[in-house]
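Subject: Structure for you to look at

Hello,

Here is the structure I said I would pass on. Please open it next to this email and follow along.

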Amino acid sequence: YDPEDYGLDINMWSNSDGDQLKNILKRLSKIELSKDAVEIMKISLLTNAYLPSKNISEKEFLEIKSDLIIKNLEIDLIEEYLIKNQIINTHPQLTKYLVDLYLSEGNIEKACEIFSKNLQPIDDNYLSKFNIYCLINSDRKDEAQLIFDLKKEQGFKDKYFEEKINYLF
């Protein structure tokens, strides 16, 4: 979300104490929020803003946000958030949750659709392997082969995966 749309400041988290924020968000994750509270959380967590700079790392903040987003938000919004902001690498936990959810429903096409809208190379091994499978599944074998070869040049080793992917090629 754009901060101006909701009367928020891009620096709204900047001066926050990470320890206090972690404590508050941890307590919120343990309770069932009302519809209005979920809407407020959605706006506050998904608004483009600078991260807190005291007592919390970027990774910690993103993990807490991901946990709360998974618990309280609609799946379509999670997908839109990941794709619109091109943050699959920044939020691998959130991306894995979404992919695994679609796979648990047997919806491979929807799970692969997430990657078709991604414009950046994927760093996470699990997501990268699934992306290669999706490319093969959608008959984009040349692109899958290129990504697979690049990963191997970067030191990727998974004998089982390599055998299965080579079979699919």
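Below is what was found in it, from the whole chain down to single residues.

The model is predicted.

**Overall**

The secondary structure comes to nine helices and zero strands. Read along the sequence, that gives the pattern α-α-α-α-α-α-α-α-α. The C-alpha trace spans about 50 × 30 × 30 Å along its principal axes. Of the 169 residues in the protein, 38% are buried. Among contacts with a separation of 6 or more, 64% are between residues 24 or more positions apart.

**How helices pack**

Three helix pairs are described here, in the order of the chain.

Start with helix 1 (residues 18–29) and helix 3 (residues 58–72), whose axes come within 10 Å and cross at roughly 20 degrees. Helix 1 is therefore roughly parallel to helix 3, since angles under 35 degrees count as roughly parallel. Their crossing is left-handed. On the helix 1 side, the residues that meet helix 3 are Leu21, Lys22, Leu25, Leu28 and Ser29. Their partners in helix 3 are Glu60, Phe61, Ile64, Leu68 and Lys71.

Next come helix 5 (residues 92–104) and helix 7, which pack at an angle of about 45 degrees with their axes 10 Å apart. That angle makes helix 5 oblique to helix 7. The crossing of helix 5 and helix 7 is left-handed. Helix 5 brings Pro92, Thr95, Lys96, Val99, Asp100 and Leu103 to this contact, and helix 7 brings Tyr126, Leu127 and Phe130.

The third pair is helix 8 and helix 9, with axes 12 Å apart and an angle of about 155 degrees. Helix 8 is therefore roughly antiparallel to helix 9, as angles over 145 degrees count as roughly antiparallel. Helix 8 passes helix 9 in a left-handed crossing. The contact involves Lys141, Phe148 and Lys152 of helix 8. From helix 9, Phe161, Glu162, Ile165, Asn166 and Leu168 take part.

**Aromatic rings**

The structure holds six aromatic pairs. Two of them are worked through below.

In one pair, the rings of phenylalanine 115 and phenylalanine 130 have centres 5.8 Å apart and planes at 55 degrees, so the pair is tilted. For a tilted pair the angle is neither under 30 degrees, which would be stacked, nor over 60, which would be edge-to-face. This pair links distant parts of the chain: phenylalanine 115 is in helix 6 (residues 108–116) and phenylalanine 130 is in helix 7 (residues 125–137), 15 residues apart. Both phenylalanine 115 and phenylalanine 130 are buried. Phe130 is also one of the helix 7 residues that meet helix 5.

Phenylalanine 148 and phenylalanine 169 form another tilted pair, with 6.2 Å from centre to centre and 50 degrees between the planes. They too link distant parts of the chain, being 21 residues apart. Phenylalanine 148 sits in helix 8 (residues 141–153), while phenylalanine 169 is in the segment after helix 9 (159–168).

Are these two rings buried or exposed? Phenylalanine 148 has a relative accessible area of 1%, so it is buried. Phenylalanine 169 has 28% relative accessibility and therefore counts as partly exposed. The cut-off for buried is under 20%.

Phe148 and Phe169 belong to one aromatic cluster together with Phe156 and Phe161. Phenylalanine 161 also has a charged neighbour: lysine 129 lies over the face of its ring, at 5.6 Å from the ring centre.

**Two single residues**

Threonine 95 lies in helix 5. Its relative accessible area is 0%, so threonine 95 is buried. Not counting residues up to four places away in sequence, threonine 95 touches Leu82, Ile88 and Leu127. Leu127 is among the helix 7 residues in the contact with helix 5.

Glutamine 120 lies in the loop between helix 6 and helix 7. With a relative accessible area of 38%, glutamine 120 is partly exposed. Which residues does glutamine 120 touch, not counting those up to four places away in sequence? They are Gln86 and Asn89. The C-alpha atoms of glutamine 120 and isoleucine 87 are separated by 8.8 Å, and these two residues are 33 residues apart along the chain.

Regards

Methods:
Residues are numbered from 1 along each chain as its sequence is written. This is a predicted model: local features need pLDDT of at least 70, side-chain atom pairs count only at pLDDT 80 or more; totals for chains, interfaces and linings use all residues. Side-chain values use heavy atoms; hydrogens and water are left out. Rings of Phe, Tyr and Trp (its six-membered ring) pair if their centres lie within 6.5 Å; planes under 30 degrees apart count as stacked, over 60 as edge-to-face and the rest as tilted. Helices (H or I, at least four residues) and strands (E, at least two) are DSSP runs, numbered from the N terminus. Buried means under 20% relative accessible area, exposed over 50%, partly exposed in between (1.4 Å probe, protein chains only). A charge sits over a ring if NZ of Lys or CZ of Arg is within 6 Å of the ring centre and within 35 degrees of the ring normal. Axes are lines fitted to C-alpha atoms, for helices over the stretch in contact, and angles run from 0 to 180 degrees between N-to-C directions. Angles under 35 degrees count as roughly parallel, over 145 as roughly antiparallel, 65 to 115 as roughly perpendicular and the rest as oblique. A crossing is left-handed if the near helix is turned anticlockwise from the far one by less than a right angle, and right-handed if clockwise. Contact means heavy atoms within 4.5 Å.
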